[in-house]
Amino acid sequence: MSYHIRPSEHFTEEFKAVGAEQLTLAISTLTDRPQGLPEAIHDARKNLKRLRSLYRLAAADIPAFRRSENARIRNMARTLSTSRDATALVEVSRYLLDNAENGDERAALKRISKVLIARRDERAADGGSQLEETVATAISTCGRALDALSRITFQDGGKEGAKRIAKGWRKALERAAAAREACTDTTDSHLFHELRKRSQDYRFYLDLLQRLWPSAMHAKRVEVTKIVDLLGHHNDLALLASLVDEQPHLFGKSEDVAYLLSAVITRQKVLREAALRIAGSVFRDDPEEESRKIRLLWQDAV
């Protein structure tokens, strides 16, 4: 199984299979940790994001299930995010280094990167047992989510499935359009983070239904992935700026902090402009019209 829904099959079974695969992958990744615990947490959180998008796609038909399971999965993902945040700050400091504008800035950013690496390693050592408890709880929660998923049912049938998918698709595009509009003439990191989440939903939907129109959906996926990646850096830079604001003493010399904040501001501006430019193209089509095409493609594929 892969992250695809086949229109030719019963929607209930396809939905369950795709959801169960994401939960099972999260469990196995957190248990086996082939590339270490931080990477396992990162991969498991991606599985949980895919799962939440799947549930959101069919939300109109399963409102109570979607509300309860979305809360369960969201809360679980948040408990796993703390350790991931420390790693993300190290990664974004390297991103700043790669884009340093001069030698002095590069030297300052190297010193700050070392600080963030030490902070990550210290937090990992101090919170080892607590993190293991968090991971064990997450694995158990995934098991309960699997049990809840096994009991879900839909009204199967070509027309019902087409209407369900089209409605979820339209709502996703409407949310993305609203998020893009909200980002106009602002630098608010929370609003750009919302645009990233809505872009992620759209990317996951393109994955789920790629077989309906492989070439067009692949092209759209390439573009929307650029938005997700750009705004992922933007969000991590916002986290780094918040840490500097809360704990400036961590970063040593005031000159280094000044170089850091200047680099953050510069890169965030570049990232915002690039993301909005691409979003203007990706989300240019009318949500009602695009969802109608999806409905027709689904019906033809049944």
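**Helix packing and overall fold in a predicted model**

Student: In the protein chain, what share of the contacts with a separation of 6 or more comes from residues 24 or more positions apart?

Tutor: The model is predicted, with local features needing pLDDT of at least 70 and side-chain atom pairs pLDDT 80 or more, while totals for chains, interfaces and linings use all residues. Residues are numbered from 1 along each chain as its sequence is written, and side-chain values use heavy atoms, without hydrogens and water. A contact means heavy atoms within 4.5 Å. On that basis, the share from residues 24 or more positions apart is 76%.

Student: How many helices and how many strands does the protein chain have?

Tutor: Both are DSSP runs numbered from the N terminus, helices being H or I over at least four residues and strands E over at least two. From the N terminus on, the order of elements reads α-α-α-α-α-α-α-α-α-α. The count is 10 helices and zero strands.

Student: What percentage of the 302 residues of the protein chain is buried?

Tutor: Buried means under 20% relative accessible area, computed with a 1.4 Å probe on protein chains only. Along its principal axes, the C-alpha trace spans about 65 × 45 × 30 Å. Among the 302 residues, the buried portion is 45%.

Student: At roughly what angle do the axes of helix α2 and helix α3 cross?

Tutor: Two packed helices are described by the angle and the distance between their axes. Axes are lines fitted to C-alpha atoms over the stretch in contact, with angles from 0 to 180 degrees between N-to-C directions. The axes of α2 (residues 37-57) and α3 (residues 63-98) come within 9 Å, and their crossing angle is roughly 155°.

Conventions: Buried < 20%, exposed > 50% of the residue type's maximum accessible area, 1.4 Å probe, protein only.
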